[in-house]
Every structure is written in structure tokens, then in C-alpha cells.
Amino acid sequence: LTDSKMLTPARRTAMFDEIVTWAAGVGYGEATQREIDELGMTEALRRAAGRALAELPVRPDVVILDGKHDYLGAPWPVRCEIKGDLSCVSVAAASVVAKVRRDAYMASLDGVAEYGFADNAGYPSPIHQQALERLGPTEHHRLSWSYLDDLPQWRHLKRHRNPLAGEGQLGLFG
């Protein structure tokens with residue numbers, strides 16, 4: 001069990017099936033592309049993590065976040081672990097569960113076969129980039145991200161947040 005990106009899709013799926021049988025609990029949380037566009041990635045991560053934690057059958061003693069930033073904050077006791085998916089079984093398991101779930105979701109999207117979501121899970125593969133250039137973003141794309149800067153014919157769709165109005169800003173302790 002290790003970082004999900006280091007496992008083949010078949011191995012991740014097999015690990016997923018094992019993880020859900022031995023884990024004390026598995027919670028799923030997600031943020032929509034609209035939440036990311038409107039609130040920013042940090043707040044979207046916080047909300048998705050909170051949703052996942054709310055699904056757990058038992059409140060954890062500590063939440064281990066993979067990385068160096070505590071985007072979750074109070075009331076959760078948090079420990080940040082850089083490269084946690086390489087050193088902590090719980091973080092690696094969460095990485096596998098999240099990737100398998102996300103990949104399955106991306107593969108299930110209808111009407112977007114040209115973007116290759118089933119194979120690239122939304123990451124910028126050549127097929128995905130060519131479809132974005134030719135067809136523009138779909139309802140599944142984040143419109144606040146910089147990839148639109150490189151697509152002049154679609155740049156007008158870019159969503160800009162106004163930090164002065166509090167859009168996309170977050171106080172980690174508030």
C-alpha cells in the first residue's frame with residue numbers, strides 16, 4: 001500500500017476492495033467545480049474533507065493530512081505529513097480510495113468522450129488538451145483555473161474571483 005499514483009489501476013482497484021473491508025470507516029467527501037470556482041481550492045478542500053469526516057462512524061482522534069498545509073482547521077485535531085501517502089498506511093489507504101472513486105466518477109460522465117476522462121481522469125493529457133482547445137470547457141471543468149489563459153477562444157469563460165469581496169479567500173481558523 002503506497003501513494004495511489006504509484007499503483008496501476010488494477011492494483012488500486014484490488015487495494016480499494018481490501019481497504020473497505022479492514023478500515024474502521026470510510027467517508028467520502030467532494031467539492032464541485034462550482035464550489036472550487038466560487039470559494040477557491042482551500043475552502044473547497046475544507047468542505048470536502050468535512051463531508052468525508054461527517055460520514056465516518058467514529059470521530060477520529062486525529063486527522064492526518066497529506067502535505068504541509070492544514071486546510072481543515074478547528075474543530076479537528078490535525079497533523080500534517082509531507083508525503084504522508086508514502087509513510088502512513090491510513091493516508092495511503094485514503095489516497096487509493098479517493099483515486100479509485102474519482103476515476104470511476106470521471107469515467108461515468110456522459111457526453112464528454114472527446115476529453116478522454118475515462119483514461120486521463122481529467123488530467124491534462126494530449127487528448128484532453130486538444131478537446132479543450134477544440135470544444136472548450138464542459139460543465140465539469142473548473143472555470144477559475146489558468147488553463148483558460150492558454151485558450152484565447154475560450155478565455156472569456158474564465159471565472160475571476162474578487163478577493164476584496166471575500167471570494168476565494170479563507171481564514172484557516174475562522
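Is T138 buried or exposed? T138 is buried, with a relative accessible area of 16%, which puts it under the 20% cut-off for that label. Keep in mind that this is a predicted model. The chain has seven helices and two strands, and T138 comes after the helix α7, in the segment that follows residues 126–135. Here's a quick tour, from the whole chain down to single residues.

**The chain as a whole**
- Reading from the N terminus, the elements go α-α-α-β-β-α-α-α-α, so to speak a pair of strands with helices on either side in the order.
- The C-alpha trace spans about 50 × 45 × 25 Å along its principal axes.
- Out of 174 residues, 33% count as buried.
- If you take the contacts with a separation of 6 or more, 42% of them come from residues 24 or more positions apart.

**How α1 and α5 pack**
- Two packed helices are described by the angle between their axes and the distance between the axes.
- For α1 (residues 9–22) and α5 (residues 89–108), that angle is about 120 degrees and the axes are 9 Å apart.
- The two helices are therefore oblique to each other, since an angle has to be 65 to 115 to count as roughly perpendicular and over 145 to count as roughly antiparallel.
- The crossing of α1 past α5 is left-handed.
- On the α1 side, the residues that meet α5 are R12, T13, M15, F16, I19 and W22.
- On the α5 side, their partners are V89, A93, V96, V97, K99, V100, R101 and D103.
- Sorted by class, this contact is made of nine nonpolar, one polar and four charged residues.

**T138 and its surroundings**
- The T138 side chain reaches the backbone nitrogen of H140 at 3.0 Å.
- Setting aside neighbours within four places in sequence, T138 is in contact with V112 and Y115.
- Y115 turns up again with I127, a residue of helix α7: apart from residues up to four places away in sequence, I127 touches E114, Y115 and G116.
- I127 and T42 sit 85 residues apart along the chain, and their C-alpha atoms are separated by 29 Å.

**D37 in helix α2**
- D37 sits in α2, the helix that covers residues 33–39.
- What is the relative accessible area of D37? The value is 6%, so D37 is buried.
- The side chain of D37 reaches the backbone nitrogen of L143 at 2.8 Å.
- L143 is also one of the residues in contact with D37 once neighbours within four places in sequence are left aside; the others are H141, R142, S144, W145, R159 and R161.

**Two backbone spots to look at**
- Which residues does a cis peptide bond join? The pair is A74 and P75, with omega at about 10 degrees.
- P75 belongs to the loop that runs between β1 (63–66) and β2 (78–81).
- K83 has a phi near 55 degrees, which is a positive value in a residue other than glycine.
- You'll find K83 in the loop between β2 and α4 (84–87).
- K83 is exposed, with a relative accessible area of 57%, whereas D37 is buried at 6%.

Key
Residues numbered from 1 in each chain as written. Predicted model: local features only at pLDDT ≥ 70, side-chain atom pairs only at ≥ 80, totals over all residues. Heavy atoms only, no water. Helix = DSSP H or I, 4+ residues; strand = E, 2+ residues; numbered from the N terminus. Buried < 20%, exposed > 50% of the residue type's maximum accessible area, 1.4 Å probe, protein only. Polar contact = N/O pair within 3.5 Å; in protein donor to acceptor, adjacent residues only side chain to side chain. Contact = heavy atoms within 4.5 Å. Axes fitted to C-alpha atoms, helices over the stretch in contact; angles between N-to-C directions. Parallel < 35°, antiparallel > 145°, perpendicular 65-115°, else oblique. Left-handed = near helix turned anticlockwise from the far one by under 90°. Nonpolar A, V, L, I, M, F, W, Y, C, P; charged D, E, K, R; others polar.
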